[in-house]
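Please walk through this structure with me, strand by strand and then charge by charge. Keep the sequence at hand as you read.

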Amino acid sequence: MEIAFEHRTAAHCEDGVTANLLRFYGYDYSEPLIFGLSASLYFVHLPFIKLAGFPVTSFRPLPGIIFARVTRLLGFKIHKTIFFHKANAARKLDVLIGQGVPTGCVVGMYFLPYMPLEYRFHFNAHNICVIGKEGDDYLVSDPIATEKVTISSRDLLRARFSKGTYPPLGKLYWIKSLPAKEPDIKKLAHKSIVKNCYRMIHEPGPVPFVGVNAFKYLGNKIPQFPKIYGERKAALHLVQLIRMMEEIGTGGAGFRFLYAAFLQEASEITGIRELNDFSLSLTDIGDQWRIFASEAGRIYKNRSSEGVDYQTIGDRLKTIGRQETVFFTDLDKLIKSK
């Protein structure tokens with residue numbers, strides 16, 4: 001069977017699954033609005049948690065939080081569950097699909113055979129939506145795929161129970177009931193901007209690994225990569241940063257562009273025209289992230305131009321940090337004055 005589910009591509013997997021699920025139930029919100037309402041523009045560098053042997057750098061909260069925040073804010077009732085036995089995990093998914101319930105699923109990228117080889121590495125926070133089953137194959141809406149795709153039950157189960165950092169443990173999530181009243185998007189957009197500013201500039205306090213503090217911390221670490229890891233591993237650490245920013249995590253430039261689009265949409269929703277100016281400012285910051293990724297990529301490929309090295313990109317990251325500190329401080333003042 002196949003659920004009548006509209007597949008749309010997205011810049012980021014969890015935003016895309018969330019937007020597509022809400023649309024299935026009659027709530028057609030843009031991906032930037034979904035991301036903005038979740039107040040999930042973030043930056044952390046966690047030296048005590050490793051992914052592929054290197055500290056985790058992330059630009060968003062833990063997997064599942066965007067979906068949980070947005071649905072809670074809008075008034076949806078949802079259900080999330082993990083499994084310790086594969087047979088139970090497979091059985092529950094089949095029951096939901098049989099009931100016509102499109103179901104979100106957290107998987108490891110490495111075990112998705114429809115993915116290009118360059119995307120298949122050990123990243124356990126990818127989100128897809130299962131929307132049907134025919135024989136031994138599941139029909140999947142993967143927001144970063146251009147069309148609906150199929151995957152065998154064996155491969156899907158391997159992806160759902162991949163090992164490593166943040167193992168997904170067969171996690172499923174779905175919508176149980178709709179809001180009791182129409183969400184007040186104007187009020188919610190205002191509230192979400194206040195929250196995101198707080199999370200970036202106030203919530204971290206003195207902790208150096210999170211929010212705006214993390215820029216300086218990681219910016220000082222990057223020039224030390226060759227000494228800490230050796231030349232080869234230092235270059236691989238840069239590759240991991242780029243993947244999380246530009247390919248899998250969408251984080252650096254991508255999330256900044258998404259949030260900029262949200263601010264532009266929010267200016268119309270709230271009537272706060274100044275948000276358009278902040279949208280343009282954040283787009284400029286996103287461009288700086290792209291330059292950072294480009295320079296890091298050239299260092300990895302040994303093609304860096306004269307004067308571009310680990311120190312250069314470390315300094316660039318600290319400059320981006322100063323820009324984001326000013327950006328969120330000023331945005332916080334604006335939104336609280338309205």
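In β6, V140 is the bridge partner of V130. This is a predicted model, in which local features need pLDDT of at least 70, side-chain atom pairs count only at pLDDT 80 or more, and totals for chains, interfaces and linings use all residues. Residues are numbered from 1 along each chain as its sequence is written, and side-chain values use heavy atoms, with hydrogens and water left out.

Start with the strands. Helices (H or I, at least four residues) and strands (E, at least two) are DSSP runs, numbered from the N terminus. Two strands pair if DSSP finds at least two bridges between them. Strand β5 covers residues 126-134 and runs antiparallel to β6, with 5 bridges joining them. E134 stands opposite D137 in β6. The two strands form a hairpin with 2 residues between them. In that turn, G135 has a positive phi of about 65°.

Now look to either side of this hairpin. Strand β4 (residues 103-107) is joined to β5 by 5 bridges, and the two run antiparallel. Here G104 stands opposite C129 in β5. On β6, 4 bridges lead to strand β7 (residues 149-152), again antiparallel. D137 stands opposite S152 in β7. D137 thus appears in two pairings: opposite E134 and opposite S152.

How covered are these strands? Buried means under 20% relative accessible area, exposed means over 50%, and partly exposed lies in between (1.4 Å probe, protein chains only). β5 is mostly covered, with 7 of its 9 residues buried. Strand β6 spans residues 137-141; 4 of its 5 residues are buried, so β6 is largely enclosed by the rest of the structure. In a regular strand the side chains alternate between the two faces of the sheet.

Next come the charges. Side chains of opposite charge can pair when their charged atoms come close. A salt bridge is a side-chain nitrogen of Lys or Arg within 4 Å of a carboxyl oxygen of Asp or Glu. By this rule the model has 12 salt bridges. One of them joins R8 and E6 at 2.8 Å, N to O. R8 is partly exposed at 32% relative accessibility, and E6 is partly exposed at 43%. Both belong to a salt-bridge network that also links R23 and D28.

A second pair is D155 and R154, at 3.7 Å, N to O. D155 is buried, with a relative accessible area of 17%. R154 is exposed, at 57%. A third pair is K338 and E274, at 3.2 Å, N to O. K338 lies in the segment after α12 (310-336) and E274 in helix α11 (residues 274-300), so this pair ties together parts that are 64 residues apart in sequence. E274 is partly exposed, with a relative accessible area of 31%.

Finish at the surface. R72, K80, K181, K187, K191 and K195 form a positive surface patch. Such patches take residues with over 30% relative accessible area and no salt bridge, joining like charges within 9 Å. Lys and Arg count as positive, with the charge placed at NZ of Lys or CZ of Arg. Which helix gives the most to the positive patch? Helix α6 (residues 185-202) does, with 3 residues. K187 lies in this helix, α6. At 58% relative accessibility, K187 counts as exposed.

Note on methods. Patches are made of residues with over 30% relative accessible area and no salt bridge: like charges are joined within 9 Å, nonpolar side chains (Val, Leu, Ile, Met, Phe, Trp, Tyr) within 5 Å. Accessible areas come from the Shrake-Rupley method with a 1.4 Å probe; for residues, only the protein chains shown count as cover.
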